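Please consider the structure shown below. The paragraphs that follow lead the reader through it one region at a time.

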Amino acid sequence: MAEESDLEKTEEATPRRLEQAREEGQVPQSRELSTFLVMMTGVAGLWVMGQWVSSRIVSLVKGGLSFEPELARDTVLMVANLRDVLAEAVLTVAPVFAVLMAAAVAAPILMGGMVFSPKALQFKFERMDPLKGLGKMFSVHGAAELVKALLKAFLVGGVGAWAIWREKDQMLALMSQPLAASLNDFAHIVLFSALLVVSSLALLAVLDVPFQLWQYHDKLKMTKEQVRQENKESEGDPQLKARIRQAQREMSRRRMMSEVPKADVVVTNPTHYAVALRYDAGRMGAPVVVAKGADLTAQKIREIAAEHNVPTLEAPPLARALFAHCDIDQAVPAALYTAVAEVMAYVYQLNQWLAGGGQVPEAPQTLPVPADMDPGASRA
């Protein structure tokens, strides 16, 4: 049962999955929203610019059909005249086409944002598979498209019929009006009826947009195994991360060991812990821990210290306290200043003896280490 649940697409798409879908050109789309925006923009554009467009077209038709007799006998002049008329016609309808193109581009942007994906333009043989085409026809998406088509037909047809019935008296009255006035009134009737029909498409768009968003996110749902695999890929393989951490620890250990020869003294437990201290009166306010370790690492620190003639002092309470409360490159705590000061004084005397002879300094036996700083004292 657990394996079956892992294979079911029950998890919402992750941000990475959504981004991959956008790269492939997969974004939510609503055909009803696009249709509504384009048609509404077209009707509104004609409503605002219709009189100007119609007057320009009438003027172009009159100008195109009215010309001097000499013009009809000259092919070059006729072609030039036709070219000028067509250019004026294109400029006349260009504003309407411009707003239509803006509306066509705006609809997808409202749904899925600005997306340009070369992958979506690639030719794929599976798109020509008739079995997949039949599957889409009898899928939930196909059923929804059929319902929308029927709803659109009934809605648009019903609103159109109602608009015509509402304007029937005015349409019949057009026959008794002068031609110019009847054409003007007829244009207003057509535009107003078209505006009512297009407005009815807003209901379809309001219903279709949430459905398309739900269907898009439902299609991109992932299985639990896919989510785990994606997390592993994004965060890194745990085994690889463990090896990286191990390599980092090894590098840190090597860097720490390289500081042992520069230490002034190594405080030991004597076998379990080893802490190397360094003090530069001109640069440091207090001695600093340059290396520390337990067991095998402590043994390695002692061996390196012996190879480079770094003094070693056996002081178990101080070694345990320094190991527990100090990090690498960190100054010793204030509570251990006195004990460490005695150790550094001993090291100074030892170096003086090694340099000039004399009486051998006596190593400190009891150092003032607070009981709360010594993990061994708390266990005792």
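In this predicted model, a convenient starting point is a charge placed above an aromatic ring: the charged end of Lys-292 sits over the ring of Phe-323, 5.0 Å from the ring centre. Phe-323 also takes part in an aromatic pair with Tyr-273. The two rings are tilted, with 40 degrees between their planes and 4.7 Å from centre to centre. This pair links distant parts of the chain, for Tyr-273 belongs to strand β4 (residues 273-278) and Phe-323 to helix α13 (residues 316-325), 50 residues apart. Are these two residues buried, exposed or partly exposed? Tyr-273 counts as partly exposed because its relative accessibility is 22%, a value that falls between the limits of 20% and 50%. Phe-323, at 25%, is likewise partly exposed.

Lys-292 leads on to another residue, Met-256. Met-256 is part of helix α11 (residues 238-259), and its contacts beyond four places in sequence are Val-290, Ala-291, Lys-292, Thr-297 and Ile-328. With a relative accessible area of 10%, Met-256 is buried, since buried means under 20%. Sequence distance and spatial distance may also be set side by side here: Met-256 and Ile-301 are 45 residues apart along the chain, while their C-alpha atoms are 9.4 Å apart in space.

Strand β4 and helix α13 appear again around helix α14. This helix covers residues 337-356, 20 residues in total, and reaches 28 Å from its first C-alpha to its last, close to the 28 Å expected at 1.5 Å a residue. Its buried residues are Ala-339, Val-340, Val-343, Met-344, Tyr-346, Val-347 and Leu-350. Viewed down the axis of α14, these residues fall within an arc of 155 degrees, and therefore they line one face of the helix. An α-helix has 3.6 residues a turn, so residues three or four places apart point the same way. What covers the buried residues of α14? The cover includes β3 (265-268), β4, β6 (312-314) and α13. On the face turned away from the buried side, α14 carries the exposed residues Tyr-348, Ala-355 and Gly-356.

The other aromatic pair to be described lies within a single helix. Phe-211 and Trp-214 are both in helix α9 (residues 179-219), 3 residues apart, or about one turn of the helix. By the rule applied here, the count of aromatic pairs comes to 2. Phe-211 and Trp-214 form a tilted pair, 6.0 Å from centre to centre and with 35 degrees between the planes. Phe-211 counts as partly exposed because its relative accessibility is 23%.

Helix α9 also holds Asp-208, which counts as buried because its relative accessibility is 1%. Beyond four places in sequence, Asp-208 touches Ser-30, Arg-31, Glu-32 and Lys-148. Glu-32, found in helix α3 (residues 31-65), is buried as well, at 5% relative accessibility. The contacts of Glu-32, again leaving aside neighbours within four places, are Lys-148, Lys-152, Leu-204, Ala-205 and Asp-208.

Finally, the database record may be compared with the model. An unreviewed UniProt entry annotates residues 33-53, 93-117, 138-165 and 185-207 as "transmembrane region". In the model, residues 33-53 are 100% helix and 0% strand, with their end C-alpha atoms 27 Å apart. Residues 185-207 are 100% helix and 0% strand, and the end C-alpha atoms of that span are 35 Å apart.

Terms used:
Residues numbered from 1 in each chain as written. Predicted model: local features only at pLDDT ≥ 70, side-chain atom pairs only at ≥ 80, totals over all residues. Heavy atoms only, no water. Helix = DSSP H or I, 4+ residues; strand = E, 2+ residues; numbered from the N terminus. Buried < 20%, exposed > 50% of the residue type's maximum accessible area, 1.4 Å probe, protein only. Contact = heavy atoms within 4.5 Å. UniProt positions renumbered as here; feature names shortened; annotations may be inferred. Phe/Tyr/Trp six-rings, centres within 6.5 Å; stacked < 30°, edge-to-face > 60°. Lys NZ or Arg CZ within 6 Å of the ring centre and 35° of its normal. Expected span 1.5 Å × (residues − 1). Arc of directions from axis to C-beta.
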